[in-house]
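Reader: I have a structure here that I don't know yet. Can you walk me through it?

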Amino acid sequence: MGADLSRCASVFLPFYPCPPYPSVVKSFPVLPHKQIELKLQAAVRAVLPDADVSAVLVRPCPDPKFGDYQSNALMSLAKQRKLNPRQLATDTLAKLDVNEWCETVEIAGAGFLNFRLKVSVLTQTLEAAARGEHLFFDKASQSKTVVVDFSSPNVAKPMHVGHIRSTGIGDALQRTLRLLGHRVISDNHIGDWGTQFGMLICGYKHLLDVAAFKRSPVDELVRLYKKITEQIQKEESEAETAAWAKNPNDIAVDIEARDVGSKTVNECRYELVLLQRGWPENVAIWKEMIALSQKQFDAIYGRLGVKFDVTLGESFYNPWLGEVVASLLARGIARESEGAVGVFSDGALPPKEDPFLVNRDGEWVADPALVRKSDGGFNYMTTDLATIDYRLKTWAPDEIVYVVDDRQGPHFKKLFIAFTRWQPDAAGKVKLVHVGFGKILGDDGRPFKTRSGDTVKLGDLLDEAEERAFKIVSEKNPELPEAQRREIARVIGLGAVKYADLLPNRQSDYIFNWDKMLALQGNTAPYLQYAYARIKSIFRKLENPESRIQNPELKPAAPEELALARHLLNFGITLEAVAEELRPNYLCNYLYDLASHFSRFFENCPVLKADDAATRDSRLALCDLTARVLKQGLETLGIETVEQM
RNA sequence: GCGCUCGUAGCUCAGUUGGAUAGAGCAACUGCCUUCUAAGCAGUCGGUCGUGGGUUCGACUCCCGCCGAGCGCGCCA
């Protein structure tokens with residue numbers, strides 16, 4: 001890769017289509033809690049003109065007996081300023097006029113403000129939603145551009161269970177951000193470059209089973225990789241044994257012998273060099289491997305309904321890597337050490353927080369981020385630096401989000417600091433975020449494998465999920481035609497798997513369990529889908545479905561109706577929290593609560609057989625709104641719904 | 001050794017700027033299908049939030065010590 005393509009990256013950038021900026025119509029917030037919040041912030045400013053009111057928030061009450069919404073911001077504000085919290089609350093209340101939306105505001109406890117929504121406001125908000133004016137969330141007041149980097153499988157390897165987390169979380173995040181009106185570029189940074197291609201090409205040239213390769217290319221590549229690895233190990237240990245026999249007293253000899261003793265290792269290195277220098281035969285083989293792997297990735301993404309705006313693998317950045325290292329050297333960010341080039345600590349941070357230092361036996365020693373190996377090859381740190389540079393120049397994002405395993409935390413810490421030192425101005429304009437997640441473990445607490453010790457392929461997992469769901473669907477609804485049962489099973493099975501992965505806090509490891517992952521009871525996707533299907537069933541039994549919900553009047557009166565209605569209004573708060581903290585599980589829990597509220601309503605409040613027409617129409621409208629939020633919420637998690645199940 | 005993450009009910013996990021009596025699912029037990037889908041609802045049982053201190057009007061949440069688990073720590077990604 002000798003050509004100097006890289007003096008000014010932007011000149012050479014190929015064109016990749018990416019989503020346009022969404023048109024954001026700035027309007028008054030549709031949700032009452034937001035309007036109360038704005039009023040409250042104004043009141044606080046009136047009392048404390050220099051206060052930062054961005055943390056003055058209005059949240060749902062944990063217990064309805066306190067009211068609908070609360071703010072506890074005044075207590076922390078009072079604490080910071082050593083004021084009496086109740087006095088501050090009283091003063092703020094004097095400046096606060098929320099009569100338009102609330103009953104009398106109460107000061108409670110140490111200084112909580114409790115707001116109780118007027119039923120008329122609740123009703124108006126619901127009716128506006130029923131007319132299609134909103135769905136309980138506001139678009140972001142400021143649209144951001146966010147690059148979401150997720151999934152990133154490796155070429156020549158099958159996607160396995162380990163990929164669900166990055167893929168599922170990343171997809172849910174991109175969907176959430178888009179829903180809130182942000183401009184998202186989802187990028188699949190696939191692993192299509194690296195030393196393993198030396199081995200793969202070597203295997204391809206000598207050991208390829210053409211028929212097997214045609215049948216299942218990735219499986220054959222995995223076999224080749226294993227075969228070559230075994231061969232190398234065998235040759236190395238033979239060389240080592242021979243060397244020991246010859247020279248039993250020389251401790252160093254075995255290491256050297258291993259290194260030069262394997263014919264295959266040298267062949268692999270040679271093939272890698274040929275590839276790196278652009279030898280046509282090797283490049284063609286490499287490209288074929290990528291194309292065939294991509295086909296398999298696409299099959300999985302198709303099933304999962306995951307879409308990427310761009311797929312720019314590691315190799316895409318090859319032309320810039322030399323320039324990156326040269327630039328780092330020129331600016332004194334990196335230096336040479338033992339033949340390699342690395343970014344070292346600049347001493348700006350205390351040793352404990354400095355990712356470029358590591359403590360060994362009480363001494364802080366250098367732990368550099370290598371950007372060029374002593375053999376001249378580049379490291380993934382180099383690629384990642386080039387990638388940030390490219391993304392900034394191409395899309396000018398406000399944020400780049402990496403949905404990657406927590407174990408790579410130290411790498412990202414180094415990467416972000418290295419980039420900031422390299423390009424301080426550019427770095428100041430972007431927020432770089434590592435969205436880490438825990439491991440999937442087996443029952444034994446060790447990384448999850450099949451009984452035979454292999455990793456579980458993602459495709460097999462999805463098959464199993466659909467199969468299990470099909471059995472249940474067939475038990476529950478034997479009268480449905482098979483094609484429909486298959487389709488229901490597909491939606492239920494995939495939904496169960498995705499939801500089970502999104503529900504736990506992403507940071508924690510979780511123990512994989514088939515029954516749990518494919519469970520169809522309790523806090524699971526099928527429970528939410530079931531609530532949706534029950535609503536749809538009501539509408540199927542209605543004579544004139546559309547005519548009844550054109551411009552309905554909402555009269556929530558029963559406790560179950562009111563609780564359901566109030567919960568609908570919290571959809572937006574939840575979506576914002578997901579986008580802010582990049583945690584899709586908040587949405588899972590919101591939707592589970594929504595479905596629970598609906599189930600209670602469904603048990604206690606007859607809809608079609610309501611006492612009078614007005615109540616029936618009001619309840620129908622409430623059902624319709626619940627269905628719309630459930631569908632939208634599930635869709636935002638990447639989960640489909642069915643009309644009947 | 002050093003660093004990071006974590007430790008909440010028998011099991012698997014939530015717990016939204018530090019906030020009001022710590023929640024759910026599974027498992028166990030008890031009721032509810034001639035009324036819109038029982039993949040459901042109602043209820044019982046079950047926790048000194050690893051442990052000992054500290055900060056605070058208030059701590060599962062923040063700080064420190066200890067115990068226990070997992071992960072990471074120069075030329076793989």
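Author: Here is a short tour, starting with the domains. One thing beforehand: this is a predicted model.

Reader: Fine. Which domains is chain A divided into?

Author: Chain A has domain 1 (9-15 + 142-193 + 312-437), domain 2 (32-117), domain 3 (196-277) and domain 4 (458-636).

Reader: How many residues of domain 1 are in contact with domain 3?

Author: On the domain 1 side there are 7 residues, in contact with 8 residues of domain 3. The centres of domain 1 and domain 3, taken over C-alpha atoms, are separated by 30 Å.

Reader: Let's do sheets. In what order do the strands of the open sheet with S7 come?

Author: The order is S7-S8-S11, 3 strands with antiparallel pairing. Strand S7 (334-337) and strand S11 (369-372) are the edge strands, each paired on one side only. From one strand to the next, the twist averages 40°.

Reader: How many bridges are there between S7 and S8?

Author: There are 4 bridges between S7 and strand S8 (residues 340-343). In that neighbourhood, valine 341 in S8 stands opposite glutamate 336.

Reader: And what packs on the sheet?

Author: Helix H13 (residues 318-330) does, touching S7, S8 and S11. The direction of H13 makes about 95° with that of S7.

Reader: There's a hairpin further along, S9 and S10. Which residue there takes a positive phi?

Author: Aspartate 361, with phi near 50°; the hairpin has 2 residues between the strands. Strand S9 (residues 357-360) and strand S10 (residues 363-366) run antiparallel and are joined by 4 bridges. Leucine 357 has alanine 366 in S10 as its bridge partner.

Reader: Switching to the inside. Which residues have the most contacts inside the largest nonpolar core?

Author: Phe115 and Phe136, in a core of 132 residues. Leaving aside neighbours within four places in sequence, phenylalanine 115 is in contact with residues including Ile36, Leu40, Val58, Tyr69, Leu96 and Val105. A second, separate core has 37 residues, among them Val325, Val341, Val371 and Ala418.

Reader: Ile36 again. How far apart in space are isoleucine 36 and aspartate 97?

Author: They are 8.9 Å apart, C-alpha to C-alpha, with 61 residues of separation in sequence. Aspartate 97 sits in the loop between helix H4 (85-95) and strand S3 (106-108).

Reader: Is aspartate 97 buried, exposed or partly exposed?

Author: Partly exposed: the relative accessible area of aspartate 97 is 47%, and exposed would need over 50%.

Reader: Now helix H5. Why call it largely enclosed by the rest of the structure?

Author: Because 9 of the 12 residues of H5 are buried. Among them are Val121, Leu122, Thr123 and Glu127. The cover over the buried residues includes helix H2 (32-47), helix H21 (559-568) and helix H24 (613-636).

Reader: What should the span of H5 be?

Author: At 1.5 Å a residue, the 12 residues of H5 (residues 119-130) should span 16 Å, and the end C-alpha atoms are 16 Å apart, so the two agree. Glycine 132 follows H5 and has a positive phi near 85°.

Reader: Same check for H11?

Author: Helix H11 (residues 263-276) has 14 residues and should span 20 Å at 1.5 Å a residue; its end C-alpha atoms are 20 Å apart, which agrees. Buried residues of H11 include Thr264, Val265, Cys268 and Leu272.

Reader: And which residue takes a positive phi just after H11?

Author: Glycine 278, at about 90°.

Notes
Residues numbered from 1 in each chain as written. Chains lettered and ligands numbered in written order. Predicted model: local features only at pLDDT ≥ 70, side-chain atom pairs only at ≥ 80, totals over all residues. Heavy atoms only, no water. Pairing = 2+ DSSP bridges. Axes fitted to C-alpha atoms, helices over the stretch in contact; angles between N-to-C directions. Contact = heavy atoms within 4.5 Å. Core = buried A, V, L, I, M, F, W, Y, C linked by side-chain atoms within 4.5 Å. Buried < 20%, exposed > 50% of the residue type's maximum accessible area, 1.4 Å probe, protein only. Expected span 1.5 Å × (residues − 1). Domains from an automatic or database assignment.
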